[in-house]
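Open the model in your viewer and keep the selection panel at hand. The tour moves from one stop to the next.

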Number of protein chains: 2
Amino acid sequence: MLSVWALEGIPEIVPGDDLVALIASAARGELQGGDIVVVTSKIVSKAEGRIVAADDREDAITAETVRVVATRETPNGGRTRIVQNRLGMVSAAAGVDASNTPEGTVLLLPVDPDASARAIASGLRTLLGAEIGVIVTDTLGRAWREGQTDSAIGAAGVHVFEDLRGQTDAEGRPLVVTMPCVADEIASAADLVKGKASQRPVAVVRGRADLVGPLDLPGARSIVRPLERDMFRLGADEAYAEGFAAGRASA
Amino acid sequence: MLSVWALEGIPEIVPGDDLVALIASAARGELQGGDIVVVTSKIVSKAEGRIVAADDREDAITAETVRVVATRETPNGGRTRIVQNRLGMVSAAAGVDASNTPEGTVLLLPVDPDASARAIASGLRTLLGAEIGVIVTDTLGRAWREGQTDSAIGAAGVHVFEDLRGQTDAEGRPLVVTMPCVADEIASAADLVKGKASQRPVAVVRGRADLVGPLDLPGARSIVRPLERDMFRLGADEAYAEGFAAGRASA
């Protein structure tokens, strides 16, 4: 049985807030060993002071971008930019968020979400004397599928993959290629109770204590597919244009 | 509070099995209105007799493929093929499954997973007199991220998107672009209790009765992004090669 619930009573977060204390207080003594605390990156960014003045969200996106993957005009004359950020993550708008922030400011992603997760997990473990896992989430679009799902961009003290590669199916054959990204599945489960418009940025997932472990387990960075293994490192239009130019030059 | 659990006692499924009766029996009277039953496509395919003789899984994949999106050699000399199938879905191997099937056979996806979901939901509603939603899942890889997550390939009686487009954030600005794909998030949550190697192909998600509705709500087909809106309709290498050939011819 998996239980997932949102914590009530997390206040509006401002720079310098102690997320460990606020989460422990909102949990009212309910957290126990094996629980996984799922924290929306937005409040991690706010606590870490990642709110910056920006008259133009587009400039902020450019500043956060390491590599442009694909660009498309939107029907209203804007642009959708799918980019890779410093963390290696591919997402729309490099995680730059202009919702739920004061006018004239934008919120950037945490500098190192795995480190943020580790700090929260370490703090909760010390404060509560219980082995807690932490996942920091962001809302990501997907290739080929409409809509978004919450995914893990930071993780500490929790296995991000369930490695079935040593296991066999019911016929005794190895389950060679299956490696469920349980961190992303936990992030998605938590989103079902957190909501987007509400002020419930923290959820607890209980029932997969087997996934909780030492703080030095690989973080969410290990979910990012390396560029050399990535068949979709460029949008189709962008790759075609590169190929066209090279073909023309070679003729 | 969201509760997610797997049903125990679903037997090995064979063609012609009555999934409605088997699910209702395994649920032992526990299902209630607003519950969402999440069914692994593998048992839907088996009940529908989608197991076919195939000496070569590669031939079966070719037969199921409408359009090749990307291909890559694997280190062991095989090939990974990302393809679009008749349902519009982009996935590895067109959903052709050679695990958990007798030697010399493969399992194809259900012909119409939305129709399969509708038949199960309709049957459960009639049998139990309760408004049940149904999601049929498959395990899908993703662009840019390692590992797989379970996603919705069929749905009935459940909203596949949570439409927040009319809502506003805490500052009163519209949440214009956010459209969480709750069907995929529910599929992921269910995978956390079903496991891959175990014989627990059905889970129940309780706590989001607000997402359950009429049987004629749009199905999982509506999650598939139309080709003309898809920035990743071809792999980067494939698009580059097409562009190169066209550029060379144009010079």
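Start with a pair of helices. This is a predicted model. Select helix 5 of chain A and helix 5 of chain B, residues 182-194 in each. Their axes come within 8 Å and cross at roughly 120°. An angle over 145 degrees would count as roughly antiparallel, and 65 to 115 as roughly perpendicular. The two copies of helix 5 are therefore oblique to each other. The crossing of helix 5 of chain A with helix 5 of chain B is left-handed.

Now show side chains at this crossing. On the chain A side, pick Val182(A), Glu185(A), Ile186(A), Ser188(A), Ala189(A), Asp191(A) and Leu192(A). They meet Val182(B), Glu185(B), Ile186(B), Ser188(B), Ala189(B), Asp191(B) and Leu192(B) in helix 5 of chain B. Color this helix 5 contact by residue class: eight residues are nonpolar, two are polar and four are charged.

Next, widen the selection to the whole interface. How many residues does each chain bring to the contact? Chain A gives 82 residues, and chain B gives 82 residues. About 7200 Å² is buried between the two chains, with 56% of that area from carbon and sulfur atoms. Highlight Trp144(B), Glu146(B) and Leu192(B). These three supply 13% of the area that chain B buries against chain A, more than any other three residues. Leu192(B) also belongs to the helix 5 contact just visited.

Then superpose the chains. Chain B lies on chain A with an RMSD of 0.0 Å after a turn of 180° and a shift of 0.0 Å along the axis. The copies are thus related as by a two-fold rotation axis. Of the interface residues of chain B, 100% are also interface residues in chain A, so the copies meet through the same surface.

Last stop: stay within chain B. Select helix 1, residues 19-27, and helix 4, residues 113-128. How do their axes cross, and at what distance? The axes of helix 1 and helix 4 of chain B come within 9 Å and cross at roughly 55°. These two helices are therefore oblique to each other. Helix 1 of chain B passes helix 4 of chain B in a right-handed crossing.

Show the side chains here too. From helix 1 of chain B, take Leu19(B), Val20(B), Ile23(B) and Ala24(B). Opposite them in the contact, helix 4 of chain B offers Ala119(B), Ile120(B), Gly123(B), Leu124(B), Leu127(B) and Leu128(B). The residues of this contact between helix 1 and helix 4 of chain B divide into nine nonpolar, one polar and no charged.

Terms used
Residues numbered from 1 in each chain as written. Chains lettered and ligands numbered in written order. Predicted model: local features only at pLDDT ≥ 70, side-chain atom pairs only at ≥ 80, totals over all residues. Heavy atoms only, no water. Least-squares fit on C-alpha atoms with pLDDT ≥ 70 in both. Contact = heavy atoms within 4.5 Å. Axes fitted to C-alpha atoms, helices over the stretch in contact; angles between N-to-C directions. Helix = DSSP H or I, 4+ residues; strand = E, 2+ residues; numbered from the N terminus. Parallel < 35°, antiparallel > 145°, perpendicular 65-115°, else oblique. Left-handed = near helix turned anticlockwise from the far one by under 90°. Nonpolar A, V, L, I, M, F, W, Y, C, P; charged D, E, K, R; others polar. Buried area = accessible area lost by both parts, 1.4 Å probe.
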